[in-house]
There are 2 protein chains.
Amino acid sequence: MNPDSPAEKRLRLSLLLRLLHREYALGIEASLAEAGFGDIRPGDAKVFPFVPPEGVQVRDLAIRAGVRKQTMAQSVDQLERAGYLERVPNPRDGRSRLVVLTGRGRAVRPAAAGAGDAIERRWTELTSPEEFGALHGLLHRLLGRIGEADPDAAARLASLGDSGLD
Amino acid sequence: MNPDSPAEKRLRLSLLLRLLHREYALGIEASLAEAGFGDIRPGDAKVFPFVPPEGVQVRDLAIRAGVRKQTMAQSVDQLERAGYLERVPNPRDGRSRLVVLTGRGRAVRPAAAGAGDAIERRWTELTSPEEFGALHGLLHRLLGRIGEADPDAAARLASLGDSGLD
DNA sequence: GCATAATAGACAGGTACCTGACCAAAGCTA
DNA sequence: TAGCTTTGGTCAGGTACCTGTCTATTATGC
């Protein structure tokens, strides 16, 4: 891994982002499997933090998680089939249904949230709280600036201004 | 985008990484299209910096770009079909062939490399050289530490220790 | 020098995203 | 209340990754 290479040869930021995101996803997978929820795929764990007790529309889930509604619908399908979620009619709007947690879904919530915490904790230990905080802050700030500078990007980055529920 | 939110609500690092990587990919796409190479898909641009004049095996390309050989083989297929690359027999090893640039491939090299430069330059302007440099450094360092701490991860992160040719 | 192990690549198939087209229910406008 | 627009969701299809398995060729051990 040669960490003391001469002035850390400039790798593409794109490569670094991709590699780190992959490590994160693999970590989520391992953490969920360890907690006994091997049937939740890493990409689907992102749903749980955003489902409030009263239910939520797929559209809103998609915005909060920063994906398209089709992508979120697919995750919800998976989790519904596995018995973690169900879709109930929306009394206020006949077009949409509300996604709610089942009993089983409420049981995994802590594990699903903890999977992300575990990785970020490990990464904090691998660097330092200051460095990890700085990384988080820099990513957040850069994304904010990109959104300010480009209306199209702002639409894609809506989740930044509208974070989760817990 | 509400950049002055209270202490930037803690979004998942995973979300930030994913969003930023998506912005990068979209930027690459736009930059290539502008340079007249709309037939190079953003994911395939990563091949060009790693093809030396004497040719290179698909296996080595995959390691340098941080993907599996199947993924790289697919990119090479695409670029070969589009006339940017070709595969020639390897005089030293009958199992493998060497990927080399065609005349057309040599012509796109600057544009392909420039696409990444353009985005990193824009992002540097959106923040500051110090912040952008810090972000790059932090990502690189964290990945290095992850590799040191976990042999499996080290294998996946081989590209860190073996950067490109230009 | 021949059997076995390792390696390069191809083939099949799956996941997580994406875009575009479409339909049905709601909300507006008149 | 008839017609138009907007919105929530689905369907179809594409890209960029992934794993696992297979074949052909080369390297190795006795």
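Which residues are closest to DNA strand C? Select A:R41, A:G43, A:G94, B:R59 and B:S96, the closest of the 20 residues that surround the strand; a residue is near it if its C-beta atom, placed from the backbone, lies within 6 Å. The model is predicted: local features need pLDDT of at least 70, side-chain atom pairs count only at pLDDT 80 or more, and totals for chains, interfaces and linings use all residues. Residues are numbered from 1 along each chain as its sequence is written, with chains lettered from A and ligands numbered from 1 in written order.

Stay at the strand and colour α3(B), which gives three residues, the largest share of this surface. Helices here are DSSP runs of H or I, at least four residues, numbered from the N terminus.

Next, select chain B where it meets chain A: 48 residues of chain B are in contact with 48 of chain A (C-beta atoms, placed from the backbone, within 7 Å). On the chain B side, α5(B) gives the largest share, 17 residues.

Now select α5 of chain A, residues 129-149. Its buried residues include A:L139, A:L142 and A:L143 (buried: 20 or more other C-beta atoms within 10 Å of the residue's own). They pack against α6 (151-156) of chain A and against α1 (13-34), α4 (103-126) and α5 (129-149) of chain B.

Finish on B:L20. Leaving aside neighbours within four places in sequence, B:L20 is in contact with A:L17, A:L139, A:L142 and A:L143.

Key:
Helix = DSSP H or I, 4+ residues; strand = E, 2+ residues; numbered from the N terminus. Contact = placed C-beta atoms within 7 Å. Buried ≥ 20, exposed ≤ 12 C-beta atoms within 10 Å, placed from the backbone.
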